[in-house]
Amino acid sequence: MELDRLLLWLATLCFLGGAVMVLPMLRGTQAHRSRVNLAVMLVGFLAICGNLWLRGEAQGRCPITDLSEVLVFVSWSCGLFYFLFGVSYQLSLLGLFTAPLSVLLQGLALLLWQPMPETAHPAHDYWLELHAALSLLSFGALALAGTAAWMFLLQDRLLKKRRLEDLSTALPPIRLLGGALFRLVAAGFAILTIGIGSAYFMVATPSPAKLGLAYFVWGTYGVLLVLYLFADLAARKFALATAFAALFSLLSLGVVAR
């Protein structure tokens, strides 16, 4: 088995194991399990980094040339933002909700697997590389925002039903979830803005379908941010809209990768 494919299998198993290992945390705070879970997910993230590095070296360009590579790149992006936001905000259980998404993305990538090319084909349009990489990086941040949004909605529902003995005791405070959710959406929106802007410096303008889809996603999150900041959009409605917007963004990857 090729080393890049082996690394992807390792990453998938690590994220799957991380999700299983953190399940006992739902019954209470277990710091040692949290640390072990974080270490396992870090190994998985490093395995994805290795996969992308090997394929990038083989092709002489950013490894996002087919749908399989796009899925791996988005999964890597989710992992990156999890370690940036989930760990810093002490949202350890965000890993439990993120891991199944990573397993799904990487599992689909394995099903659609394409071997590395025998000869490199370096990119001649670096603006195209920048546009594609930033756009997919933003999709990872927005996918993780969707994960945090579902956590927020679950916590909100349990609190309203006064079921404090359930999952809500293990979930982080809803205030922290809300803050992380807003920052993830803002980060994804900012990165996507730069990604769309770079498209106008490309040698060949992206197809109307791709550019139109990017603008639709960008506009959706832009409206949500404006409403949240300036129109007092309720946190629950912001989370609900973000959850469905993130789902749409992930489903649109098939168009983006063409």
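**Polar, aromatic and surface features of the predicted model**

A polar contact joins the side chains of Glu-129 and Arg-61 at 3.0 Å. The structure described here is a predicted model. Glu-129 is located in helix H5, which spans residues 126-160. The relative accessibility of Glu-129 is 12%, and the residue is therefore classed as buried, the limit for this class being under 20%. The contact with the side chain of Arg-61 is thus made by a buried glutamate.

A second arginine is placed against an aromatic ring. Arg-55 lies over the face of Trp-113, at a distance of 4.8 Å from the ring centre.

Contacts between aromatic rings were also examined. The model contains 11 aromatic pairs. In one of these, formed by Phe-45 and Phe-83, the ring centres are 5.5 Å apart and the planes meet at 55°, so the arrangement is tilted; an angle over 60 degrees would have been required for an edge-to-face assignment. The pair connects distant parts of the chain, with 38 residues separating its two members. Phe-45 belongs to helix H2 (residues 31-59), whereas Phe-83 belongs to helix H3 (residues 67-86). Both phenylalanines are buried. Phe-45 and Phe-83 are also members of a cluster linked by ring pairs, in which Phe-73, Trp-76 and Tyr-82 take part as well.

Helix H3 also contains Leu-67, a residue that contributes to a nonpolar patch on the surface. The patch covers about 460 Å² and is completed by Leu-104, Leu-108, Leu-111 and Leu-112. Helix H4 (residues 94-111) makes the greatest contribution to the patch, supplying 3 residues. For Leu-67, the relative accessibility is 32%, and this leucine is therefore classed as partly exposed. That value lies between the limits of 20% and 50% that bound the class, and Leu-67 is accordingly distinguished from Phe-83, a buried residue of helix H3.

A further local feature concerns the backbone. Asp-232 has a phi near 55°, a positive value in a residue that is not glycine. Most residues other than glycine have a negative phi. Asp-232 is situated in the loop that runs between helix H7 (208-230) and helix H8 (235-251). With a relative accessibility of 68%, Asp-232 is classed as exposed, since this class begins over 50%. The positive phi is thus found at an exposed loop position, while Glu-129 provides a buried acidic side chain within helix H5.

How values were computed:
Residues are numbered from 1 along each chain as its sequence is written. This is a predicted model: local features need pLDDT of at least 70, side-chain atom pairs count only at pLDDT 80 or more; totals for chains, interfaces and linings use all residues. Side-chain values use heavy atoms; hydrogens and water are left out. Helices (H or I, at least four residues) and strands (E, at least two) are DSSP runs, numbered from the N terminus. Buried means under 20% relative accessible area, exposed over 50%, partly exposed in between (1.4 Å probe, protein chains only). Rings of Phe, Tyr and Trp (its six-membered ring) pair if their centres lie within 6.5 Å; planes under 30 degrees apart count as stacked, over 60 as edge-to-face and the rest as tilted. A charge sits over a ring if NZ of Lys or CZ of Arg is within 6 Å of the ring centre and within 35 degrees of the ring normal. A polar contact is a pair of N or O atoms within 3.5 Å; within protein, one must be able to donate a hydrogen and the other to accept it, and residues adjacent in sequence count only if both atoms are side-chain atoms. Patches are made of residues with over 30% relative accessible area and no salt bridge: like charges are joined within 9 Å, nonpolar side chains (Val, Leu, Ile, Met, Phe, Trp, Tyr) within 5 Å. Accessible areas come from the Shrake-Rupley method with a 1.4 Å probe; for residues, only the protein chains shown count as cover. A salt bridge is a side-chain nitrogen of Lys or Arg within 4 Å of a carboxyl oxygen of Asp or Glu.
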